[in-house]
Number of protein chains: 2
Amino acid sequence: MSKPTKNTSALNEQAGIEQPDALSKSAAQKLQEARKKKHSVKELLHGILNGNVTALSRGITLIESTATKHQEKAKALVEACLPHSNNSIRVGITGVPGVGKSTFIEQYGNLLTTKGHKVAVLAVDPSSSLSKGSILGDKTRMESLVTNEKAFIRPSASGDSLGGVARKTREAIILCEAAGFTYIIIETVGVGQSETAVHSMTDFFLLLKLAGAGDELQGIKRGIMEMADAIVINKADGENIRAAKIAKVEFNRALHLYPPKSNGWIAKTLTCSALNNEGVEEVDTVIADFVSEMKESNHFASKRNEQQKFWLLQTIESRLKSDFYNDEKISAELEKQLILLSENKTTPFAAAALLLELS
Amino acid sequence: MSKPTKNTSALNEQAGIEQPDALSKSAAQKLQEARKKKHSVKELLHGILNGNVTALSRGITLIESTATKHQEKAKALVEACLPHSNNSIRVGITGVPGVGKSTFIEQYGNLLTTKGHKVAVLAVDPSSSLSKGSILGDKTRMESLVTNEKAFIRPSASGDSLGGVARKTREAIILCEAAGFTYIIIETVGVGQSETAVHSMTDFFLLLKLAGAGDELQGIKRGIMEMADAIVINKADGENIRAAKIAKVEFNRALHLYPPKSNGWIAKTLTCSALNNEGVEEVDTVIADFVSEMKESNHFASKRNEQQKFWLLQTIESRLKSDFYNDEKISAELEKQLILLSENKTTPFAAAALLLELS
C-alpha cells in the first residue's frame, strides 16, 4: 500500500471518487426525452384510434410541421396509423371559386353523417401559403358542418410546392382514416396542377360547375373533363333551373366525346341546388353506386394501389429533378445552354449530355 | 573516337540506328484515319449542303448507328449542319393504319414540290424495330413521291425506346433542313406516346381521320384532339361524302369544346379524298395560313424555342430516371417497397426516402 503524500491533515478534504453527475444527468435526460417522445406518439395514436378529434388535429399539425424532430414523430405516427387506414371513401371535389363548393360540401357532409358516416374535409390548395388560406381558411363558411360532431374540417396545409402540400394531405388522410372517418372529402380550387394531385389521392372525382351562357365548356381547364367521375351543375334553382338543365345536356354530350374509362365507369352529369339542399342526395347515390361497382370489379383496390405507386415514383422523380436543377454549377450551365439553344448553336441532346456530365 | 569492338569484318552487317517502323506506322495510320474521318464528315457535310441525297442518307444512317465512333461523327455532322437548319416548315401527321396517310402524304408532298418546295418525309414509329418497319418500310406505297426528285423519303429509325427514335428523327430534321428541304413531314401511327413526340418536333400537327358511324369521336386517343391544328377527314369520296361532311361538323363541334390555344389558332376541320386528289390543296392553304399567321405573331419562333427547351429537359430527366431505376440495388429495393406499399405497410413518401438514400 502506498502512503498518501498529500493532504495529510484531516482538515483537508479528500477528492474522493468523481461524481458521475454530468453523465447521469444526460443519460436520465435522454431516457426521459425518449419516454416523453414515445409516450407522446403513443398518446396521439391512442387518441386518434379512439376518434379523439383533438389528437387528430395535433397529429396533422405534426405532419405539417417543418421541424426535423416533429417530422420524425410524424413519420412514427403515420406508420403506426397505417394498419388502421385505407378503409374510407375518398371523394375529390373541384370547382372555381364561387361555384358553391363550401355549401355543397356542407350539405353533402351533413347528409353523410345522418347516414351514420364520419366525415373529414381536407383541402389541397398550394396557393394558401401565399394568400394565407384561400379555401377552408374560414370555417364559418361551413357553419353547421363545423358544429357537427361527426365531422372534422381542416384547412389546407401550407407549403411552397404542390408536392409538399399533397404529401401532407395524403398523410392526413391516413390519420383521419385511423380516427374512424369513413368519408374523406378533399377540396381544391384547382390552382396549377392541384386537381391532378387530388384526383391521384381520391376514389371519386367530382367537378362542380355553374350553368353559364351555353358556351361554358370553353372555360374548363384541359384534362379536367377526363378526370371527372361526375359533373354536378350547382345553383340549379330559381331562374337558373332551365340553364342548368341545358348545361347538363351539353356537359353530358361533351363527356361522351371522351374515350371510355378503363374501369368501365361512365361519368354522370347531375344538377343540384346546394343552397336549397336539392339534388345532393342524388349525388350521394351516384358516388355510392360508383363505390359498390368498383369494389365488385376490384377496380377500387387496384386504383388505390396504382395511386400509391404513382406517389412513390412521383416523389422519387421530383427529388431527382430538384437535386439536379438546384445544383449551382448545373443551373449556371443550363442558363448558358438555353441561350445557345435559342441561337441554334447546339442541339437539345448535346446540351443535355454536357449538363449530365456535370452531375 | 572509340574503336569498334565487334563486327570488325566488312562482311558483318552493322546494326545501324534502329528503324522507327512501328512508331512511324502507327503515327501515319492515326494521321490517315484522322484525315479520313475529318474528310468524311466534311465530305458528308459538303454533300448535304449541296442537296446531295446520297450524302443525306449516309448522314442519317450515321445518326441512327449505335457504334460509338459513328456517334462521334454524327455529333460532329449534326453540329456542322446546325447553322444551316431551322428554315423549313415541319408538319406532323398522325392517323390510325388504314386512314390513308401514305396516299395523303404522297399527294400533299407532290403538290408542295410543284410549288417549288423540296419535301422530306420522315417517320416516328417506336414499334418499327419490333415489327420491322410498320410504316414507310415499304416505299412502294408512295410510288410517285419516291421518284420525285424534289422529295426524300426515309423510314422510321429503329430503337428500343421512343426517346431514342425521337432523338434520331430530330437530328435527321436538322440534316434535311441543311440539305435544303423546305417542308419536313413527320408521320406517325401513334403508338404509345409517339404523337406527343411528333407534336413536340413539328410546327403544325395534322390529325387524319375517317368518317365512321357517327360516334367515331369515341375512338380518339386522349389528348390528340387538343394537339391537332387541323383534323382532315380522308376518303371523302363516292358514298362516303355525306358521312365525311357529318363527321366534319361533329369534329368541329368537339374541337370547340377545348379551351383556345395560347397562340390564338383555332383548329380547322376539312374533308379530302387523297385518292382522287381532292381537297389536298385546301389543306395546304390552311397550313400556309397557319405558318404566316404564326410567323407574324412571332409564335412560330417561340414555339420552336419551347420545343428545344422541352427536348433538353426531357433528355435530362429521362436519363436521371433511367440511371436511378437501372441501379441494381435500387431496382431490387423498389420491388420490395412496392410489395410493402400494396400491403399498406409503408407510405409512398417513406418508401421514396428509403430508395433515394440508396442512390
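These legends walk you through several close-up views of a predicted model with two chains, A and B. Residues are numbered from 1 along each chain as its sequence is written, and chains are lettered from A, with ligands numbered from 1, in the order in which they are written. In this predicted model, local features need pLDDT of at least 70 and side-chain atom pairs count only at pLDDT 80 or more, while totals for chains, interfaces and linings use all residues; side-chain values use heavy atoms, leaving out hydrogens and water.

**View 1. Meet chain A.** Chain A has 14 helices and seven strands (DSSP runs numbered from the N terminus: helices are H or I with at least four residues, strands are E with at least two). Of its 359 residues, 47% are buried (buried is under 20% relative accessible area, exposed is over 50%, and partly exposed is in between, using a 1.4 Å probe and protein chains only). Look also at the contacts in chain A (heavy atoms within 4.5 Å): among those between residues at least 6 apart in sequence, 74% join residues at least 24 apart.

**View 2. Where chain A touches chain B.** The contact takes 53 residues from each of chain A and chain B. Together the two chains bury about 5000 Å², with 64% of it on carbon and sulfur atoms (buried area is the accessible area, with a 1.4 Å probe, that two parts lose on being put together, summed over both). Two salt bridges are counted between the chains (a side-chain nitrogen of Lys or Arg within 4 Å of a carboxyl oxygen of Asp or Glu). One salt bridge pairs Glu317(B) with Lys321(A), whose closest N and O atoms are 3.7 Å apart. On the side of chain A that touches chain B, helices H3, H7, H10, H12, H13 and H14 of chain A each supply at least two residues. H12(A) gives the most, with 14 residues.

**View 3. Two copies around an axis.** A turn of 180 degrees and a shift of 0.0 Å along the axis lay chain A on chain B with an RMSD of 0.1 Å (superposed by least squares on the C-alpha atoms of residues with pLDDT of at least 70 in both). The two copies are thus related as by a two-fold rotation axis. Leu320(A) comes closest to the rotation axis of the residues of chain A, at 3.4 Å for its C-alpha. The same surface serves both copies, as 100% of the contact residues of chain A recur in chain B.

**View 4. Helix H14 of chain B among its neighbours.** The buried residues of H14(B) include Pro348(B), Phe349(B), Leu355(B) and Leu356(B). The buried residues of this helix pack against H3, H7 and H12 of chain A, together with H12 and H13 of chain B.

**View 5. A buried salt bridge in chain A.** Glu177(A) and Arg90(A) meet through their side chains in a salt bridge, at 2.8 Å from N to O. Glu177(A) lies in helix H7 and Arg90(A) in strand S1 of chain A, so the pair ties together parts that are 87 residues apart in sequence. Glu177(A) is buried at 2% relative accessible area, and Arg90(A) is buried at 8%.

**View 6. A salt bridge along helix H12 of chain A.** The side chains of Asp323(A) and Arg319(A) form a salt bridge, at 3.3 Å from N to O. Four residues apart in helix H12 of chain A, they are separated by about one helical turn. Asp323(A) is partly exposed, at 45% relative accessible area, and Arg319(A) is partly exposed, at 37%.
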